[in-house]
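Me: Hello! I am new to this structure and would love a close look at one part of it, the surroundings of the ligand.

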Amino acid sequence: MRTITVALGEKTYNIEIAAGLLDQIGAKARVLSQAVKAAIISDSNVDPLYGERLERSLAASGFEVTRIVFAAGEQSKNLTVLGQVYDELARAGLTRSDLILTLGGGVPGDLGGFAAATFLRGIDFIQVPTSLLAQIDSSVGGKVAIDLPSGKNLAGSFYQPKAVFIDPDLLKTLPLRCMMVWLKRSNTAVFAMPACLLRSLLLKVIRSCWSRRTLLLRPAVISRRGSLKKTNLTQENVCC
Ligand SMILES: NC(=O)c1ccc[n+]([C@@H]2O[C@H](COP(=O)([O-])OP(=O)(O)OC[C@H]3O[C@@H](n4cnc5c(N)ncnc54)[C@H](O)[C@@H]3O)[C@@H](O)[C@H]2O)c1
């Protein structure tokens, strides 16, 4: 288990990284929260893979769990879906002392985090990132947002989670396409090369590494990236 503390005074929180962490989240959330109810906000790809395990872990620690699932993809990060999420939170009877957990990539993290920041003027939330981009970037720093018809991430907030729980094992089910998007994003100097060259280089690298991906993505690697982001974030947040 690796723990990185994001030092933000009263809003200080820990990022915990460990293989198999998903099944321990209930017990860890219980230490942080006296909530009666917990809502998991996820998408239609990730919920069938991991929603039930997370629900079981939370229920075992005494939370009454609701799962809220929206269609996967950036097109869901909008006001309409946010409104549906608010409705489901209200129907489930969440109060200000309850808890939201976002389970998924950057989209459930951003949309679910914004719902947490604004529902009942803000309730506690925990990030459980499942994409590579979310594990090393978007879940850390407290930037939460939705897209508007006039642009991306135009409505949002800076709202710190109570914790970020990163389980690298969850990356095993990640589509190759998403790994490529992240690789491109992670080093613009290398990837300023033409797209066809980049694609063949990446395919070579990924083919040779794919079978060892959990080794490559072991906690040390993720925590190093997390530390980098953390150093940029200790004076609250920066825009992306
Ligand atoms: N808040 C921030 O600081 C910040 C920073 C960077 C990006 N972002 C936001 O993050 C979003 C992009 O994040 P993303 O690429 O993770 O998008 P995403 O959440 O849409 O995930 C990409 C795809 O991977 C699937 N997926 C995620 N985890 C999976 C898993 N373990 N197994 C199988 N499938 C899985 C999702 O269902 C989706 O289809 C954008 O909206 C961007 O604005 C936010």
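Which of the 31 residues around the ligand come nearest?

Reply: Happy to help, and please keep in mind that this is a predicted model. Asn45, Gly105, Gly106, Ser131 and Ser138 come nearest to the ligand, out of the 31 residues around it. Helix 2 (46–60), helix 4, helix 5 (132–138) and helix 6 (176–186) are the elements that each give two or more residues to this shell. Sorted by class, the shell holds 14 nonpolar, eleven polar and six charged residues.

Helix 4 leads us on to the nonpolar core. This helix, residues 106–118, supplies six residues to the largest nonpolar core, the largest share of it. That core has 56 residues, and those with the most contacts inside it are Ala38, Leu54, Ile100, Leu101 and Ala115. Ile100 makes a good stop: leaving aside neighbours within four places in sequence, its contacts are Ala39, Ile41, Gly112, Ala115, Ala116, Ile123 and Phe125.

Now for the wider setting. The protein chain has nine helices and nine strands, and 41% of its 240 residues count as buried. Seven strands form an open sheet with mixed pairing, in the order 1-2-9-6-5-3-4. Strand 1 (2–6) and strand 4 (64–70) stand at the edges with a single partner strand each, so one side of each has no neighbour in the sheet. From one strand to the next, the twist averages 20°. Helix 1 (residues 25–32) lies across strand 3 (37–43), strand 5 (99–104), strand 6 (124–129) and strand 9, and runs at about 170° to strand 9.

Technical notes:
Residues are numbered from 1 along each chain as its sequence is written. This is a predicted model: local features need pLDDT of at least 70, side-chain atom pairs count only at pLDDT 80 or more; totals for chains, interfaces and linings use all residues. A nonpolar core is a set of buried Ala, Val, Leu, Ile, Met, Phe, Trp, Tyr and Cys residues joined through C-beta atoms within 7 Å. A residue is buried if 20 or more other C-beta atoms lie within 10 Å of its own, exposed if 12 or fewer, and partly exposed in between; C-beta atoms are placed from the backbone. Helices (H or I, at least four residues) and strands (E, at least two) are DSSP runs, numbered from the N terminus. Two residues are in contact if their C-beta atoms, placed from the backbone, lie within 7 Å. A residue is near a molecule or strand if its C-beta atom, placed from the backbone, lies within 6 Å of it. Ala, Val, Leu, Ile, Met, Phe, Trp, Tyr, Cys and Pro count as nonpolar, Asp, Glu, Lys and Arg as charged, and the others, Gly among them, as polar. Two strands pair if DSSP finds at least two bridges between them. Axes are lines fitted to C-alpha atoms, for helices over the stretch in contact, and angles run from 0 to 180 degrees between N-to-C directions.
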